[in-house]
Every structure is written in C-alpha cells, then in structure tokens.
Amino acid sequence: MLSNHLQNGIGSAKHIWSRIPEFDDSAADGVEQLSSSRDGDGVESLDYEVVENYAYREEQAQRGKLYVGYYVAVKWFFSLLIGIGTGLAAVFINLSVENFAGWKFALTFSIIQKSYFAGFIVYVFINLALVFSSAYIITQFAPAAAGSGIPEIKGYLNGIDIHGILLFRTLIGKIFGSIGSVGGGLALGKEGPLVHTGACIASLLGQGGSTKYHLNSRWPQLFKSDRDRRDLVTCGCAAGVAAAFRAPVGGVLFALEEVTSWWRSQLMWRVFFTSAVVAVVVRTAMGWCKSGKCGHFGAGGFIIWDVSDGQDDYYFKELLPMAVIGVIGGLLGALFNQLTLYITSWRRNSLHKKGNRVKIIEACIISCITSAISFGLPLLRRCSPCPEADPGSGIECPRPPGMYGNYVNFYCKTEKEYNDLATIFFNTQDDAIRNLFSANTMHEFSAQSLLTFLAMFYTLAVVTFGTAVPAGQFVPGIMIGSTYGRLVGMFVVRFYKKLNIEEGTYALLGAASFLGGSMRMTVSLCVIMVEITNNLKLLPLIMLVLLISKAVGDAFNEGLYEVQARLRGIPLLESRPKYQMRQMTAKEACKTQKVISLPRVVKVADVYSILRTNTHNGFPVIDHTRSGETLVIGLVLRSHLLVLLQSKVDFQHSPLPCDPSSRSIRHNFSEFAKPVSSKGINIDDIHLTTDDLEMYIDLAPFLNPSPYVVSEDMSLTKVYNLFRQLGLRHLFVVPRPSRVIGLITRKDLLIEENGESSSMELQQATSVRAQYGERGMWTRNSDTTRPLLNDLIG
C-alpha cells in the first residue's frame with residue numbers, strides 16, 4: 001500500500017540522513033537528551049540549504065532591487081540592535097555582580113571588626129542566598145540556561161537545533177542566573193553565559209520577540225530561514241565575547257575560530273560592526289558610571305586587567321621557563337577537561353536524575369563549601385608585614401577585603417600587615433586576577449599561599465562546573481593559570497636575579513596557557529588576552545605558550561567545549577574528518593539504511609502513514625520519464641509535508657500530475673519555515689478525515705529539484721568536507737553517472753554584463769546551467785528558465 005520505492009539500477013538514490021559515523025539524525029531516541037530539554041525533546045538538524053521549489057522561485061521573482069536593498073539594510077540595522085542589546089545586558093550583569101560583591105564584602109568586613117564568626121555566618125548566608133536564587137531560576141524557569149551555553153550555540157551554528165536554547169525564558173534565566181552564581185562567589189565566570197545571552201538576543205530579534213509572553217512584533221519577522229538566523233546568532237556570539245572581555249576584535253575572531261562552521265566576507269563585516277557597537281555601549285555606560293552613580297561598577301576602567309606598566313622586555317633565556325608554563329597549561333588543561341567529563345557524566349547519569357530539588361541542594365552545598373574555604377583558609381595563614389611604600393607606585397598597603405587593590409588586611413594583628421592568601425581568595429575573581437597580574441608587587445605572594453590557592457580553586461572549579469547554574473570557564477581558567485604562572489615567575493626572579501623581570505608577566509602567560517590547554521583556542525584567545533591586558537609587547541610570548549599548551553593538550557583529549565558537546569549528545573561535525581574516513585566511501589557510509597522514497601503524486605494516506613511510522617526529515621521523490629525510466633526528481637522535507645497535510649489546500653482528487661508552471665502557488669515560502677527553538681508542526685497535530693486520506697498531493701511544486709548529489713564511490717572524507725562546509729542536512733548518494741552533459745569551469749561562472757566581464761557573488765541558491773555549442777562556445781541553455789521537472793515529466 002505504501003509507496004516505498006527502493007532504488008535500484010541507474011535510478012537508485014541512496015540517502016545520507018545527516019549521518020556521520022556514531023551519529024544518526026534519524027535516531028533521535030538514541031541520542032542522550034539534554035538536561036535542559038523537555039521530555040521527549042532531543043536534537044535535530046537545521047535546514048541551512050535553500051529549498052529552490054516553485055514557492056521560493058516565485059517569491060524571488062517578485063522581489064526587485066528595492067526589496068534587496070531593504071533586506072540588506074534591515075540586516076545591518078539588526079546588527080546594530082544586537083550590539084546595543086548585548087552591550088546593555090552585559091552592563092546590567094556586571095553592574096549587578098560588582099555591586100552585590102561590593103556590598104557583601106563591605107558588610108562582612110564591617111562585621112568581622114567585632115566578630116569573625118558572625119562575619120563568617122553573614123558571608124556564607126549572602127552567598128547561599130544568591131546561589132539558591134540562581135539554581136531555583138534555572139531548575140524551575142529556564143533549564144536550558146544551565147552551564148555556559150557555548151557548546152549548545154556551537155552546535156546550533158554547526159547545524160544542530162537543540163530545543164529551548166534560544167527562547168526568551170532562557171535569556172532571562174541566563175541573565176539573572178549569572179548574577180546569582182557569579183555574585184555568590186562560585187568558582188565560575190560570566191563570560192560564557194554572556195555569549196549565550198548575545199545569541200538569545202540575536203535570535204529573538206530575528207523572530208520578532210517572544211510569542212508565548214506576548215512580546216512580539218510582526219515588523220522584524222523578516223528572517224525566518226535557518227540561514228538568516230544563523231547569521232544573526234553568529235553576530236550575537238561575537239557580541240557576547242566583546243561585551244564580556246571588552247575585546248571587540250577578539251569577539252570577531254572567537255566567532256570565526258570557535259563557534260562557526262561556515263563563514264563569508266559579508267558576515268565578517270556585520271560581525272565586526274556588531275562588536276564595535278558593543279564596545280561603544282559598554283564604554284559609554286562605564287563613563288556615565290565613573291562618577292559613582294552605579295556603585296562599584298565603572299571604577300576599573302575599560303581595560304579589565306591593564307598591565308601596560310608591566311615588564312617592558314624579556315631575555316632569550318626566559319623562553320625556557322615560558323615554554324614550561326605552556327607545557328604545564330596543556331597538562332592541567334587536559335586534566336581539567338577529563339575530570340569535568342567524569343564528574344559531569346556522573347552528575348547527569350546519577351545525581352540529577354533524582355529531580356530539581358537535588359540540583360538546588362547540590363548547588364547550595366557547593367556554595368557553602370566554597371564560602372567556608374575562601375573565608376576559612378586565609379584565617380590559617382600568617383600575615384606578612386607591608387612592604388615599604390613607594391609614593392610613585394600608587395599601591396596602598398593594607399586594604400580592606402573585597403576592595404580594589406593588593407595587600408588585603410584580613411585577620412591581621414597590626415594595621416601594617418596583610419594576608420596574601422586573602423588577597424586572592426577572599427576577593428572577587430576580577431580583583432584577584434588583577435592582583436596576580438599586577439606589576440611592582442614583588443614577593444607579595446608566598447609560594448605556599450599560591451600552591452594552596454591553586455589546589456583548592458582547581459578542585460572547586462572542577463566540582464562547580466556542571467551544576468545547575470549558568471557557568472563560564474574563562475575567568476576560572478585565568479585564575480588557575482595566573483596562579484601557577486606567578487609561581488614560575490617567582491622561581492625565575494630568584495634564579496636569574498634580574499630586576500626588570502615581573503612575576504605578573506608570568507601570571508599572564510600562565511592564564512593564556514591554561515585557557516589554551518583547556519579550550520584549545522589560539523588566534524582569538526591570543527587577541528583577547530592582548531586586548532584585556534593592554535600590552536602588545538607580550539604578544540609573541542602569548543603566541544608561544546598558546547601553541548605549546550594546545551599541542552600538549554591535543555595529545556590527551558579534545559577541547560573543553562567539544563568534550564561537553566559530546567557529553568550532551570550534540571553531534572558536532574569538527575573541522576577535520578576522522579582518519580578512518582579516508583578508507584571509506586559514501587556508499588559504505590549509508591549501506592545499512594533503508595531509503596523511503598515518495599512518488600511525485602502520492603496518496604495522502606501514504607504520506608500520513610510514512611510520517612507516522614518513521615522519523616526521517618527528508619524523502620527522495622521519484623517519477624518516470626515518457627520512456628519509463630525511473631528518475632529522482634528532488635527532495636521533499638518532512639516539515640513541508642506536515643504543512644501540506646495541515647493546510648489541505650493542495651489536496652486533489654486526481655492521481656495525475658499537474659503542470660507546476662501553470663498552477664498558482666497557494667503557499668508563501670515563509671509558511672514552510674520552522675519556528676526557532678521549536679519543533680514546529682508535529683504529526684500528532686494533523687487531523688485528517690476519511691475523505692482526506694483518499695485524496696492525492698502533487699509534490700512537484702514543493703520539492704527541492706536541485707539537492708546536492710555525490711557519487712557512490714566518493715571518499716567519505718570529501719563527503720564530510722562538502723557536508724560541513726555547505727551546512728547540509730541531506731545528501732544524495734547515486735551510482736556513477738553514465739554520461740556528462742557539460743563541464744563548468746571558473747570562466748563559466750563569470751557572467752558578462754553590458755559587454756564587460758564581472759565576477760558575481762556565488763550563492764548557494766544560485767545555479768548556472770550551460771551547454772557546449774557546435775561553434776565551441778558556451779551558451780545558455782534555452783530551457784534554463786523552465787524547471788527541470790517540465791523536461792522530464794510528460
């Protein structure tokens with residue numbers, strides 16, 4: 001009964017369902033579900049390929065140059081809005097976190113003047129309240145906002161749609177959850193969540209807001225395709241990094257190197273523009289707050305950790321200890337990735353399955369432990385006398401806890417003493433890093449204090465990562481790296497006995513090495529480190545340690561985001577195919593699959609039954625020529641079939657095909673677009689009567705007549721590169737063609753206009769067909785304006 005045609009002979013067409021070894025798009029039940037997803041929700045691929053059906057061609061034909069100009073102008077306007085929105089979100093998060101932290105430390109310090117125990121209770125309670133609020137928001141309101149969000153956004157830009165990651169409630173949960181978790185003193189940062197925040201803002205702007213919360217507008221709903229949304233989300237990711245580190249160029253490179261799989265020059269311009277807008281917004285807000293209107297926010301300057309007054313030059317013999325820092329960063333970074341993989345896997349498979357209450361309790365317990373360690377360990381450390389004050393250095397000793405500067409007085413007997421462990425432990429992470437990077441503070445920290453802090457904070461960072469709160473890993477990584485970097489710097493100072501060697505320089509290199517060993521970024525991370533420290537002289541050294549740490553880390557495991565994506569069941573296509581793919585062909589990759597195809601005119605009952613009994617997202621459509629030859633005429637998507645079944649306007653009583661060119665299209669192309677972060681129409685939403693099931697649908701106007709096709713003996717490496725670089729979801733595998741109708745070279749893609757040769761932009765939606773004439777000249781086919789279906793079907 002069902003029209004299930006298995007392809008054979010010259011008309012066979014085997015189908016790759018977004019399939020790479022170990023991942024199968026059609027087997028969603030076998031993919032580990034995201035903890036943030038609803039029951040029954042998994043991951044599915046995005047349709048980045050343009051479906052050139054009749055509805056699309058008719059819509060494109062109606063658009064003139066004025067509309068194209070309007071379309072481009074709106075894209076730039078949206079880039080402006082994304083930059084402004086992400087910048088304001090970053091300002092709000094930073095303002096809230098720094099004021100919460102400032103009030104917390106000021107209150108605690110005023111209480112410990114009378115009683116350290118009472119101060120400890122207040123300190124623990126404030127942190128616990130902030131972390132509890134964050135965990136409660138995540139578990140009860142926005143589960144998809146847990147974690148950094150970078151693996152999910154990287155998966156989205158790689159072609160995988162994880163349901164719920166770009167919703168309005170996810171944005172709200174990310175913003176307020178980050179304030180609670182970072183303000184609560186946990187060993188995590190807000191930079192990763194800001195990337196997710198920027199992506200959410202971009203996606204919501206593209207779809208016109210949130211329909212569920214009645215915060216939507218029809219005017220912005222211009223970008224309904226997955227391709228357009230991908231560009232907007234890319235701008236949002238770059239804006240998030242630019243806002244988090246105040247590093248606009250680093251944000252552009254981060255989007256290019258780390259999260260995107262497909263890039264083009266026009267997108268580069270808009271991403272760069274968005275990052276520049278973010279920098280202007282953040283700098284304007286900080287300038288407005290500099291007078292004290294915003295409490296503790298805005299006092300630190302636009303450069304987060306300015307070390308421009310640090311070490312001016314370096315010696316050749318310093319390269320060896322700097323290379324050692326790179327090796328240590330690679331080893332500790334790889335170990336960090338492996339430990340977080342084990343603990344997060346146990347947490348997801350055992351602990352978090354017990355319910356949301358357990359997730360909240362776990363976060364609260366970790367908060368109490370972190371508070372006890374950060375408050376209690378400095379009490380066990382003996383205070384050191386303040387160094388002789390240098391009037392020109394601007395360094396004051398001592399300072400109260402939690403305030404900007406070095407030499408924190410905490411549990412010291414005299415006023416001219418400071419606690420070096422409290423200077424980095426009982427402090428905000430930004431101020432602690434600033435203290436570790438600082439110049440002209442020789443011998444401020446003892447080796448024992450740095451080793452103690454390194455061991456404890458490394459453990460806390462491993463344990464905290466993966467809890468049910470928004471958690472970034474940039475700042476904790478900088479904290480860990482700068483600690484062992486400063487340790488190496490202390491050794492170098494004592495060994496070489498050079499006066500112009502700064503321990504803070506080695507702390508900066510240690511921070512870069514750990515991030516390189518854990519996240520495996522190079523170019524973008526190098527630029528970010530230069531932008532956040534304002535010291536271009538250290539660029540060669542940063543490059544050196546990044547290359548070494550990445551090489552060492554790659555020898556053990558994958559990067560942090562790749563590990564976490566694999567743990568979450570996100571089937572990322574990495575930049576390089578696996579080595580064993582070189583020995584495999586396209587035919588071998590899909591040999592175990594049963595291809596379900598549809599005839600051009602199909603019965604409604606057959607379509608409904610096929611969609612009900614399998615989870616494929618695309619179906620080959622076949623027909624026969626006048627001579628009876630079986631041909632594959634295109635690909636129809638599951639989402640398009642569901643739209644046709646729900647609307648019923650294209651049902652017909654006759655099983656005979658109609659002429660698509662003479663038939664009016666009853667659908668707008670945008671009707672086939674799937675809502676962002678949503679499954680769209682489900683087969684359970686379709687209600688058909690008995691009469692409806694007996695009718696037919698002609699699929700010719702709705703299929704993609706020009707899907708990408710590869711030969712069955714093509715190596716899987718070439719298939720992999722084609723699939724990833726073009727952002728495909730489906731790829732036909734066909735037998736070796738029996739004849740060639742033409743050969744396209746570079747010159748055939750240069751279309752002459754007004755007698756002058758000019759190169760035109762090659763887009764995925766554009767195709768040029770030509771044939772070789774009798775005079776040896778390439779001429780346009782006279783039937784190019786007619787769809788291929790008209791030539792094949794009588």
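Ile424 is buried, with a relative accessible area of 1%. The model in which this value was computed is a predicted one. Ile424 sits in helix H12, which covers residues 420-425. Beyond its neighbours within four places in sequence, Ile424 is in contact with Ala432, Leu436, Phe445, Leu450, Phe453 and Met479. One of these partners, Phe453, is 29 residues away in sequence, and the C-alpha atoms of Ile424 and Phe453 are 8.0 Å apart.

The protein as a whole can be described next. Its 794 residues include 25 helices and 19 strands. Of the residues, 55% count as buried. Contacts between residues at least 6 apart in sequence join, in 79% of cases, residues at least 24 apart. The accessible surface of the protein is about 35000 Å², and carbon and sulfur atoms account for 59% of that area.

Where do the buried nonpolar residues gather? The largest nonpolar core has 127 residues, and Phe437, Phe474, Met529 and Ile542 have the most contacts inside it. Helix H15, residues 474-496, gives the most to this core, with 12 residues. A second, separate core has 26 residues, among them Phe619, Val621, Ile683 and Ile686. Phe437, from the largest core, shows what surrounds one such residue. Leaving aside neighbours within four places in sequence, Phe437 is in contact with Trp305, Val307, Ile478, Ser482, Arg486, Gly504, Ala507, Leu508, Ala511 and Thr533.

Helix H4 offers a view of burial at the level of a whole element. H4 spans residues 150-157, and 8 of its 8 residues are buried. These residues are Ile150, Pro151, Glu152, Ile153, Lys154, Gly155, Tyr156 and Leu157. The cover over them includes strand S3 (160-162), helix H6 (191-206), H7, helix H8 (248-259), H15 and helix H19 (560-567). After H4 comes Gly159, with a positive phi near 110°.

H7, which helps cover H4, also packs against helix H2. The axes of H2 (residues 65-112) and H7 (residues 226-245) come within 9 Å and cross at roughly 35°. The crossing is right-handed. On the H2 side the contact is made by Tyr71, Lys75, Phe78, Ser79, Ile82, Thr86 and Ala90. On the H7 side the residues are Asp228, Asp231, Leu232, Cys235, Gly236, Ala239, Gly240 and Ala243.

Further along the chain there is an open sheet. This sheet has 3 strands in the order S8-S10-S11, with mixed pairing. Its edge strands are S8 (598-599) and S11 (630-637), each of which pairs on one side only. Strands of a sheet pair through backbone hydrogen bonds, either parallel or antiparallel. Strand S10, residues 618-624, runs antiparallel to S11, and 7 bridges join the two. Within this pairing, Pro620 stands opposite Leu635 and Val621 stands opposite Gly634. Val621 also belongs to the second core, as does Phe619. The hairpin of S10 and S11 has 5 residues between the strands, and Gly628 in this hairpin takes a positive phi near 90°. Helix H22, residues 638-647, lies across S8, S10 and S11 and runs at about 75° to S11.

Which residues other than glycine have a positive phi? Lys648 has one, of about 65°. Lys648 is in the loop between H22 and strand S12 (651-652). Is Lys648 buried or partly exposed? Lys648 has a relative accessible area of 30% and is therefore partly exposed. Asn534 is another residue with a positive phi, near 60°, that is not glycine. Asn534 lies in the loop between helix H17 (523-533) and helix H18 (539-554). With a relative accessible area of 39%, Asn534 is partly exposed. The value for Ile424, by contrast, is 1%, and Ile424 is buried.

Methods: Residues numbered from 1 in each chain as written. Predicted model: local features only at pLDDT ≥ 70, side-chain atom pairs only at ≥ 80, totals over all residues. Heavy atoms only, no water. Pairing = 2+ DSSP bridges. Helix = DSSP H or I, 4+ residues; strand = E, 2+ residues; numbered from the N terminus. Contact = heavy atoms within 4.5 Å. Axes fitted to C-alpha atoms, helices over the stretch in contact; angles between N-to-C directions. Buried < 20%, exposed > 50% of the residue type's maximum accessible area, 1.4 Å probe, protein only. Areas by Shrake-Rupley, 256 points an atom, 1.4 Å probe, with all protein chains shown as cover. Core = buried A, V, L, I, M, F, W, Y, C linked by side-chain atoms within 4.5 Å. Left-handed = near helix turned anticlockwise from the far one by under 90°.
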